[in-house]
Amino acid sequence: MVRAQQVHKSYGQVEVLKGIDLEVRAGEVFCLVGPSGSGKSTFLRCINHLEKINAGRLYVDGDLVGYREKNGKLHELKDREVALKRRDIGMVFQRFNLFPHLTALENIIEAPVRVKGEAKQAARERGEALLARVGLADKAGNYPSQLSGGQQQRVAIARALAMEPKLMLFDEPTSALDPELVGDVLDVMRGLAEEGMTMIVVTHEMGFAREVGDALVFMDDGIVVESGHPREVLTNPQHERTRGFLSKVL
Ligand code: ADP
Ligand code: MG
């Protein structure tokens, strides 16, 4: 579903991604862990067309991100083409980023109606089903300010799912939550994983990585330091940097 080959990304003189190689298979829960500033968010933003890579190749579902390859040459995609590609990727941020002036249900149906042209009634029915799926059937009419952080994050997940993405990106989805609200969000993510959604999850929740993850990559300073099955990496890290990081988060 995702293939990165020697992906480089710089901001000005500062190289943030220094040659990332990795592969995410369809249906996999792929955990990305590493210290703050290691480039995790930047990598997700590259996958989601929010940043352009400077070198290497990045593919989502077999297609180059941001470019079309023709006769061995790369052509930049037009904004309209990028917008089409982005529909297939759902993203959930640390801060829930719901529209404050829209109810939970309105937040969910906004993109399907406006971007995909879905009929409002059909979108509402799907939206209600999505709210039920994230355990919030009774909150359709609530505004974000009337929901807890954990509930807002579950609405944000439902909103992403409303576009029927083939890939979901989670950037520290529980880091901003009070500890007692983390479990409900992780449960929703676990359910998604069981249904076969391909997910890249940046997280410090090593319990989740161990139980739900199919693969884990430890990133530091813009490179992949080590990767493997989560249980393997978490119980038997091979690199000093991984051990140092895990000793702080476990
Ligand atoms: P992580 O998500 O692992 O904490 P980030 O991808 O957010 O790391 O950031 C990696 C590095 O890139 C940091 O040093 C950060 O300051 C830098 N960086 C991120 N975004 C920008 C930007 N838009 N402009 C300049 N530097 C940035
Ligand atoms: Mg980040």
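**Exercise 1. Find the polar contacts of ligand 1 and describe its shell.**

Step 1. An oxygen atom of ligand 1 lies 3.2 Å from a polar backbone atom of Ser-38. A polar contact is a pair of N or O atoms within 3.5 Å; within protein, one must be able to donate a hydrogen and the other to accept it, and residues adjacent in sequence count only if both atoms are side-chain atoms. The model is predicted: local features need pLDDT of at least 70, side-chain atom pairs count only at pLDDT 80 or more, and totals for chains, interfaces and linings use all residues. Residues are numbered from 1 along each chain as its sequence is written, chains are lettered from A and ligands numbered from 1 in the order in which they are written, and side-chain values use heavy atoms, with hydrogens and water left out.

Step 2. For Gly-37, a polar backbone atom is 2.7 Å from an oxygen atom of ligand 1. With Ser-41 it is an N or O atom of the side chain that is 2.8 Å from a ligand oxygen atom. Of the 560 Å² of accessible area that ligand 1 has on its own, the protein covers 56% (Shrake-Rupley method, 1.4 Å probe; for residues, only the protein chains shown count as cover).

Step 3. The shell (residues with a heavy atom within 4 Å) includes Tyr-11, Val-16, Pro-35 and Lys-40. It divides into three nonpolar, six polar and one charged residue; Ala, Val, Leu, Ile, Met, Phe, Trp, Tyr, Cys and Pro count as nonpolar, Asp, Glu, Lys and Arg as charged, and the others, Gly among them, as polar. Helix H1 (residues 40-47) gives the most to this shell, with three residues. Helices (H or I, at least four residues) and strands (E, at least two) are DSSP runs, numbered from the N terminus.

**Exercise 2. Characterise the largest pocket and the second largest pocket.**

Step 1. On a 1 Å grid over the protein atoms alone, a pocket is an open set of points where a 1.4 Å probe fits, with protein on both sides within 12 Å along at least five of seven lines; lining residues have an atom within 4 Å of a point. Grid points are joined across faces, edges and corners, and a volume is the space filled by probe spheres set on the points.

Step 2. The largest pocket holds about 580 Å³ of space. It is lined by 20 residues, and Arg-86, Ile-89, Met-91, Ala-111 and Met-163 are the closest to its centre. Strand E8 gives the most to this lining, with four residues. By class, the lining has twelve nonpolar, three polar and five charged residues.

Step 3. The volume of the second largest pocket is about 160 Å³. Its lining includes Asp-21, Phe-30 and Val-224, and strands E2 (14-24), E11 (215-220) and E12 (223-228) each supply at least two residues.

**Exercise 3. Which strands stand at the edges of the open sheet of four strands?**

Step 1. The order is E2-E1-E4-E5, with antiparallel pairing; two strands pair if DSSP finds at least two bridges between them.

Step 2. E2 and E5 (63-64) stand at the edges, each with a single partner strand, so one side of each has no neighbour in the sheet.

Step 3. E4 (residues 55-60) pairs with E5 over two bridges, and Tyr-59 has Leu-64 in E5 as its bridge partner.
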